[in-house]
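Trainee: I should like to understand how the terms used for a structure are justified. May we go through them one by one?

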Amino acid sequence: QVQLVESGGGLVQAGDSLRLSCAASGRTFVNYAMSWFRQAPGKECEFLAYINWNGRKTNYADSVKERFTISRDNAKNTVYLQMSSLKPEDTAVYYCAADRLRDRSTRYGDSQNFGSWGQGTQVTVSS
């Protein structure tokens, strides 16, 4: 399995931007599509964004598609989540996950797709 470590979380104000990073190690990064999820206290884990192995296909949850952008740098074994116009309801622990496949066309947010997860990074948005 690939090991994943998120970073970049923190405390920001509403309207601010933030970029999360997820560094991968242990296996060939290009073998994996990647996704971001988040989990707020008392809520279920929520799919946010997906990117395939070469970055040419992305998919977003409706709740974030106008504000968040997923990207990857295979040379750096890193996937990013650029978040803008942050809202207090974006407060959560954010996780990256490695898909079992390099590419898919359906079920982007099904948690059963993912074999590796990071430990999460906290994002807190104050009003």
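The dialogue below concerns cysteines, burial and strand pairing in this predicted model.

Trainee: Why is the link between Cys22 and Cys96 called a disulfide?

Mentor: The two sulfurs are 2.0 Å apart, and the cut-off is within 2.5 Å, so the pair qualifies as a disulfide. The structure holds one such bond.

Trainee: What makes the disulfide of Cys22 and Cys96 right-handed?

Mentor: The torsion about its S-S bond is about 60°, so the disulfide is right-handed. Cys22 belongs to strand E3 (residues 18-25) and Cys96 to strand E9 (residues 92-99), so parts 74 residues apart in sequence are tied together.

Trainee: How do you know that Cys45 is not bonded to another cysteine?

Mentor: The closest cysteine sulfur, that of Cys96, is 12 Å from the sulfur of Cys45, which is too far for a bond.

Trainee: Why is Cys22 called buried, and Cys45 partly exposed?

Mentor: Buried requires under 20% relative accessible area, and exposed over 50%. Cys22 has 0% and therefore counts as buried; Cys96, also at 0%, is buried. Cys45 has 38%, a value in between, so Cys45 is partly exposed.

Trainee: What makes strand E7 (residues 68-73) alternating?

Mentor: Phe68, Ile70 and Arg72 point to one face and are buried, whereas Thr69, Ser71 and Asp73 point to the other and are not.

Trainee: How do you know that E7 and strand E8 (residues 78-83) pair?

Mentor: At least two bridges are required. E7 and E8 have six, in the antiparallel sense, so they pair. Ser71 stands opposite Tyr80 in E8.

How values were computed: Residues numbered from 1 in each chain as written. Predicted model: local features only at pLDDT ≥ 70, side-chain atom pairs only at ≥ 80, totals over all residues. Heavy atoms only, no water. Helix = DSSP H or I, 4+ residues; strand = E, 2+ residues; numbered from the N terminus. Buried < 20%, exposed > 50% of the residue type's maximum accessible area, 1.4 Å probe, protein only.
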